[in-house]
Amino acid sequence: MAGFLIRLKPTFMAPGFIRNSLLPRLSFRLILIFSVLLLLLCKSEYSETPDNIFNFSEHLKQKGEYYRAITEYERFRFLFQSDKRNQIALFNIIECFFLAGQYEKSALASENFLDSYPNSSKRKEVLLKMVECYYLTEKYGEGAGELEFFLSDHQDDPLRPEALKLLGLTYLKDRKWAEAKVTFKKLAAISESPLNSMAKHAV
């Protein structure tokens, strides 16, 4: 029994051994963990800058990755609400939803834009995009109402032909033949497009 205890004695001296062998390894692991965390922190701070997020959003949109682009634009708008590019980001969200075939979401984003930026130079363009979404989702009454209001306020606007064409098509889809004919005649009077001429004679 005494011999057994003698053999175990070195085992009870193990704390010194642990201190001498494990501490360097623990220190190395702690340094490694700290370095990784520091690297991730630096990377995070770099990727969260306004320019990086906005430029990445633009890159995704150009590549046709519309849903990822929308996510990045929305993240940009949330993180940097005072940035002047917020308006452009929302405009691009409208376009991305439209290009992805999400017309109802594009219309909702358009409504948000019109409410948020009443003096924007892109307001008319957004309005027509919203009406086009109404047309594509068969909300003809809403689209016609917006277009009629637009046309009454913009007699000489460069976008007037586009608005008249969209209104004429909306009337056709809604089976309002007389209104469609009048609208296409107005369009033919201010535009030389062969398509407009065909539309005039088709009604």
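A search of the whole structure, which is a predicted model, finds zero disulfides. Two cysteines may be noted in this context. Cysteine 96 has a relative accessible area of 0% and is therefore classed as buried, the cut-off being under 20%. Cysteine 133 is likewise buried, with a relative accessible area of 0%.

The chain contains 11 helices and zero strands, and the order of elements from the N terminus is accordingly α-α-α-α-α-α-α-α-α-α-α. Of the 203 residues in the chain, 31% are buried. The accessible surface of the chain amounts to about 13,500 Å², and carbon and sulfur atoms account for 60% of this area. When contacts between residues at least 6 apart in sequence are considered, 41% join residues at least 24 apart.

In soluble globular proteins, nonpolar side chains tend to be buried together. In the present model, the largest nonpolar core comprises 42 residues, and the members that touch the most other members are Tyr73, Ile93, Phe113 and Leu147. Two or more residues of this core are contributed by each of helix H3 (50-62), helix H4 (66-79), helix H5 (86-99), helix H6 (103-116), helix H7 (123-136), helix H8 (140-153), helix H9 (160-173) and helix H10 (177-190). The surroundings of tyrosine 73 were examined further. With residues up to four places away in sequence left out, tyrosine 73 touches Phe54, Ser57, Glu58, Lys61, Ala89, Asn92, Ile93 and Cys96. These contacts of tyrosine 73 thus include the core member Ile93 and the buried Cys96.

The largest pocket encloses about 180 Å³ of space. Its lining is formed by Glu111, Leu114, Asp115, Arg123, Lys124, Leu127, Met130, Glu146, Phe149, Phe150, Asp153 and His154. At least two lining residues come from each of H6, H7 and H8; these three helices also give two or more residues each to the largest nonpolar core.

Backbone geometry was considered last. Most residues other than glycine have a negative phi. Glutamate 138, although not a glycine, has a positive phi of about 65°. This residue is placed in the loop between H7 and H8, and glutamate 138 counts as exposed because its relative accessibility of 59% lies over the 50% cut-off. Arginine 175 also has a positive phi, of about 60°, without being a glycine. The loop between H9 and H10 holds arginine 175, which is exposed at a relative accessible area of 63%.

Key
Residues numbered from 1 in each chain as written. Predicted model: local features only at pLDDT ≥ 70, side-chain atom pairs only at ≥ 80, totals over all residues. Heavy atoms only, no water. Helix = DSSP H or I, 4+ residues; strand = E, 2+ residues; numbered from the N terminus. Buried < 20%, exposed > 50% of the residue type's maximum accessible area, 1.4 Å probe, protein only. Contact = heavy atoms within 4.5 Å. Areas by Shrake-Rupley, 256 points an atom, 1.4 Å probe, with all protein chains shown as cover. Core = buried A, V, L, I, M, F, W, Y, C linked by side-chain atoms within 4.5 Å. Disulfide = S-S within 2.5 Å. 1 Å grid on protein atoms, 1.4 Å probe; cavity = no way out; pocket = protein on both sides within 12 Å on 5 of 7 lines; lining within 4 Å. Points joined across faces, edges and corners; volume = space filled by probe spheres on them.
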